[in-house]
Amino acid sequence: RSHITLGMLASMLAAGNAFAVSREAQEFMNIQSKMAPDQCELQRLSSQAAAAQRAGDLGKRQELNMQMEPVVKRLQANQPRIQELAKYVQSPSPDYQAVVQQTIDLRAKCKF
């Protein structure tokens, strides 16, 4: 987790706005960072479940769906706060670009 935060800080320093993000944007980005491994896992499991469905392997698909349940529950637990904070990091916000960049960076780190 610390390497994500350091990378984010480095990119923000490069952009010249390291301390410009609001408290709400920082919290939003911290929650996003914590959720990233689960989002990658859900994406991986979903891809495998779709492949199993295409292959007609109902048993494997059901097994993967069961593995997804606890991951989805962990992600859903963060949704109320993320939604509340999202209003602070919308397009006109000066924090918007930093949040978008972090989202792109986190998604790029998903390994399959």
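Helices (H or I, at least four residues) and strands (E, at least two) are DSSP runs, numbered from the N terminus. The model is predicted: local features need pLDDT of at least 70, side-chain atom pairs count only at pLDDT 80 or more, and totals for chains, interfaces and linings use all residues. Residues are numbered from 1 along each chain as its sequence is written, and side-chain values use heavy atoms, with hydrogens and water left out.

**Exercise 1. State the secondary structure of the chain and its order.**

Step 1. Take the elements: four helices and zero strands.
Step 2. Read from the N terminus: α-α-α-α.
Step 3. Add the burial figure. Of the 112 residues, 31% count as buried (under 20% relative accessible area, exposed being over 50% and partly exposed in between; 1.4 Å probe, protein chains only).

**Exercise 2. Find which residues line the largest pocket, and which helices supply them.**

Step 1. Fix the term. On a 1 Å grid over the protein atoms alone, a pocket is an open set of points with protein on both sides within 12 Å along at least five of seven lines, and lining residues have an atom within 4 Å of a point.
Step 2. Take the volume, about 260 Å³. It is the space filled by probe spheres set on the points, which are joined across faces, edges and corners.
Step 3. List the lining: Phe-28, Gln-32, Met-35, Ala-36, Gln-39, Cys-40, Gln-43, Ile-82, Thr-103, Leu-106, Arg-107 and Cys-110.
Step 4. Assign helices. H2 (23-54) and H4 (96-108) each supply at least two lining residues. H2 gives the largest share, seven residues.
Step 5. Sort by type: seven nonpolar, four polar and one charged. Here Ala, Val, Leu, Ile, Met, Phe, Trp, Tyr, Cys and Pro count as nonpolar, Asp, Glu, Lys and Arg as charged, and the others, Gly among them, as polar.

**Exercise 3. Place Cys-110 and list its contacts.**

Step 1. Locate Cys-110: the segment after H4.
Step 2. Check burial. Cys-110 has 15% relative accessibility, so it counts as buried.
Step 3. Leave aside neighbours within four places in sequence. Cys-110 is then in contact (heavy atoms within 4.5 Å) with Cys-40 and Gln-43.
Step 4. Add a distance. The C-alpha atoms of Cys-110 and Arg-44 are 8.5 Å apart, with their positions 66 residues apart along the chain.

**Exercise 4. Say where Ser-93 lies and whether Ser-93 is buried or exposed.**

Step 1. Ser-93 is in the loop between H3 (58-86) and H4.
Step 2. Its relative accessibility is 15%, so Ser-93 counts as buried.
Step 3. The Ser-93 side chain reaches the backbone oxygen of Tyr-88 at 3.1 Å.

Methods:
On a 1 Å grid over the protein atoms alone, a cavity is a set of points where a 1.4 Å probe fits but cannot get out, and a pocket is an open set with protein on both sides within 12 Å along at least five of seven lines; lining residues have an atom within 4 Å of a point. A polar contact is a pair of N or O atoms within 3.5 Å; within protein, one must be able to donate a hydrogen and the other to accept it, and residues adjacent in sequence count only if both atoms are side-chain atoms.
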